[in-house]
Amino acid sequence: MTEYPRELALRTILLPRDTNAQGTVFGGVILSHIDLAGVVQVRKLNPARRFVTVAMDEVIFHEPVFVGDLVSFYTQVVHVGRTSAKAQVCVFVQRTDDADGEEVRVTEAEVTYVAVDENRRPIPVLRASQR
Ligand SMILES: CC(C)(COP(=O)(O)OP(=O)(O)OC[C@H]1O[C@@H](n2cnc3c(N)ncnc32)[C@H](O)[C@@H]1OP(=O)(O)O)[C@@H](O)C(=O)NCCC(=O)NCCS
């Protein structure tokens with residue numbers, strides 16, 4: 001059985017302004033939330049660091065997201081390098097018309113962040129005491 005991250009980083013309901021020409025939620029809006037959810041998780045490694053996104057990989061849109069769905073972003077850190085860290089983000093929704101409130105997986109992605117200094121140059125993710 002596939003294991004998905006279960007730590008909730010973000011939860012939201014998307015609005016008609018977030019839709020594409022088909023009337024479903026625009027993929028770019030989902031990506032924006034994925035980016036935020038991943039950094040919420042990664043910054044727990046070292047809250048004193050500022051992180052920038054360097055790559056979004058393996059983005060898969062399995063199912064559409066509809067206006068009004070309760071959208072949850074679950075995350076886990078899957079790799080910590082010297083100056084970078086990668087988070088897996090899985091997006092699940094509860095449909096408004098589903099009386100059972102079952103969560104359906106709609107999107108997944110892996111996002112890599114780099115810790116940077118005030119000059120935006122890479123610096124170690126972890127404090128010396130953590131390494
Ligand atoms: C992130 C940034 C500071 C990295 O600078 P850089 O000179 O390429 O840094 P380095 O080559 O030393 O790589 C730094 C780390 O990033 C990782 N990295 C670089 N490119 C990567 C990529 N495409 N995918 C995954 N990891 C990558 C490296 O492996 C390294 O990790 P490690 O230290 O854990 O081994 C720079 O590319 C940047 O500022 N990008 C723009 C970031 C941004 O503005 N994001 C917001 C979206 S617009």
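These are questions and answers about a predicted model and the ligand it holds.

Reader: What makes a residue part of the shell around the ligand?
Author: A residue is near the ligand if one of its heavy atoms lies within 4 Å. In this model 14 residues surround the ligand. Among the closest are T53, R82 and T83.

Reader: How do you know that T53 makes a polar contact with the ligand?
Author: The cut-off for a pair of N or O atoms is 3.5 Å. A backbone N or O atom of T53 lies 2.9 Å from a nitrogen atom of the ligand. That is within 3.5 Å, so the pair is a polar contact.

Reader: What about R82 and T83?
Author: A polar backbone atom of R82 is 2.8 Å from an oxygen atom of the ligand. For T83 it is a polar side-chain atom, 2.6 Å from a ligand oxygen. Both pairs are within 3.5 Å, so both count as polar contacts.

Reader: How much of the ligand does the protein cover?
Author: On its own the ligand has 960 Å² of accessible area, and the protein covers 44% of that.

Reader: Which element gives the largest share of the shell?
Author: β2 does, with four residues. β2 spans 50-61. β5 (103-116) also gives two or more.

Reader: Why is the set around I34 called a nonpolar core?
Author: Such a core joins buried nonpolar residues through side-chain atoms within 4.5 Å, and the largest one here has 24 residues. I34 is among those with the most contacts inside it. Beyond its neighbours within four places in sequence, I34 is in contact with residues including M56, F73 and V89.

Methods: Residues numbered from 1 in each chain as written. Predicted model: local features only at pLDDT ≥ 70, side-chain atom pairs only at ≥ 80, totals over all residues. Heavy atoms only, no water. Polar contact = N/O pair within 3.5 Å; in protein donor to acceptor, adjacent residues only side chain to side chain. Areas by Shrake-Rupley, 256 points an atom, 1.4 Å probe, with all protein chains shown as cover. Buried < 20%, exposed > 50% of the residue type's maximum accessible area, 1.4 Å probe, protein only. Contact = heavy atoms within 4.5 Å.
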